[in-house]
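Visitor: I'd like to go through this model with someone and ask what lies behind each label. Could you walk me through the reasoning?

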Amino acid sequence: MKFEGRSNRGEYWWAFLAIIIISFVLGLIDGMLGIMVLGTIFSLATLIPGIAIGVRRLHDIDKSGWWLLIGLIPVIGFFVLIYFFIQKPTPGPNRFG
């Protein structure tokens, strides 16, 4: 996993979409089988890469990766992160690359 550098909007949102779709399919399979193993394993496997791409997306708008922790605040944190993730990147180089 790479926590340095930048991740553009497209890279972030395509990865987010892939994770959502795979999680949905695995949830359906888990529901049919009556177990919750596949979704749990996938969630654990994508936890660190998901954090990494979120940090790199924040770097693209010249924000520290520590801003990702604002997501721990119920409701408000979610909207702040969505706002950050849909912003246009800072043009040219910034302090993160």
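Visitor: Happy to start with the helices. What makes the crossing of α2 and α3 left-handed or right-handed?

Guide: This is a predicted model, and in it α2 passes α3 in a left-handed crossing. The label applies because the near helix is turned anticlockwise from the far one by less than a right angle. The angle between helix α2 (residues 38-60) and helix α3 (residues 76-86) is about 60°, and their axes are 9 Å apart.

Visitor: Which residues of α2 and α3 make the contact?

Guide: From α2 come Gly54, Arg57 and Leu58, and from α3 come Phe84, Phe85 and Ile86. By type, the contact of α2 with α3 has four nonpolar residues, one polar and one charged. Gly counts as polar and Arg as charged in this scheme, so Gly54 is the polar member and Arg57 the charged one.

Visitor: Why is phenylalanine 84 called buried?

Guide: Its relative accessible area is 7%. Buried means under 20%, so phenylalanine 84 meets the cut-off.

Visitor: And what makes the pair of tryptophan 67 and phenylalanine 84 edge-to-face?

Guide: A pair of rings is described by the distance of the centres and the angle of the planes. For tryptophan 67 and phenylalanine 84 the centres are 5.3 Å apart and the planes make 90°. Centres within 6.5 Å count as a pair and planes over 60 degrees apart as edge-to-face, so both conditions hold here. The pair also links distant parts of the chain, with tryptophan 67 in the loop between α2 and α3 and phenylalanine 84 in helix α3, 17 residues apart.

Visitor: Is tryptophan 67 buried, exposed or partly exposed?

Guide: Tryptophan 67 counts as partly exposed, at 38% relative accessibility. That value falls between the 20% and 50% cut-offs, which means neither of the other two labels applies.

Visitor: How many aromatic pairs does the structure hold?

Guide: There are seven. One of them joins tyrosine 12 and tryptophan 13, with 5.0 Å centre to centre and 85° between the planes, so this pair is edge-to-face as well. Tyrosine 12 is buried at 9% relative accessible area, whereas tryptophan 13 is partly exposed at 27%. Ring pairs also link Tyr12, Trp13, Phe16 and Phe85 into a cluster.

Visitor: What is phenylalanine 85 in contact with, leaving aside its neighbours within four places in sequence?

Guide: Its partners are Arg9, Tyr12, Trp13, Gly54, Arg57, Leu58 and Leu68.

Visitor: Which residues make up the largest nonpolar core?

Guide: Eight residues do: Tyr12, Ile53, Leu58, Ile61, Ile70, Leu81, Phe84 and Phe85. Two or more residues of this core come from each of α2 and α3, and α3 gives the largest share, three residues. They are called a core because they are buried residues joined through side-chain atoms within 4.5 Å. In soluble globular proteins, nonpolar side chains tend to be buried together.

Visitor: How do you know whether arginine 56 is buried or exposed?

Guide: Arginine 56 has a relative accessible area of 13%, under the 20% cut-off, so it counts as buried. Arginine 56 is found in helix α2. Apart from neighbours within four places in sequence, arginine 56 is in contact with Lys2, Phe3, Glu4, Gly5, Arg6, Ser7 and Glu11. Arginine 56 and phenylalanine 96 are 40 residues apart in sequence, yet 8.7 Å apart in space, C-alpha to C-alpha.

Visitor: Which backbone angles deserve a look in the loop between α2 and α3?

Guide: Aspartate 62 lies in that loop and has a positive phi of about 65°, although it is not a glycine. Valine 75, in the loop between α2 and α3 too, has a positive phi of about 60° and is not a glycine either.

Visitor: Why do aspartate 62 and valine 75 get their exposure labels?

Guide: Valine 75 is at 58% relative accessibility, over the 50% cut-off, so it counts as exposed. Aspartate 62 is at 29%, between the two cut-offs, and is therefore partly exposed.

Visitor: And the protein overall: how many helices and strands are there?

Guide: There are three helices and zero strands, and buried residues make up 26% of the 97 residues.

Definitions and conventions. Residues numbered from 1 in each chain as written. Predicted model: local features only at pLDDT ≥ 70, side-chain atom pairs only at ≥ 80, totals over all residues. Heavy atoms only, no water. Axes fitted to C-alpha atoms, helices over the stretch in contact; angles between N-to-C directions. Helix = DSSP H or I, 4+ residues; strand = E, 2+ residues; numbered from the N terminus. Contact = heavy atoms within 4.5 Å. Buried < 20%, exposed > 50% of the residue type's maximum accessible area, 1.4 Å probe, protein only. Phe/Tyr/Trp six-rings, centres within 6.5 Å; stacked < 30°, edge-to-face > 60°.
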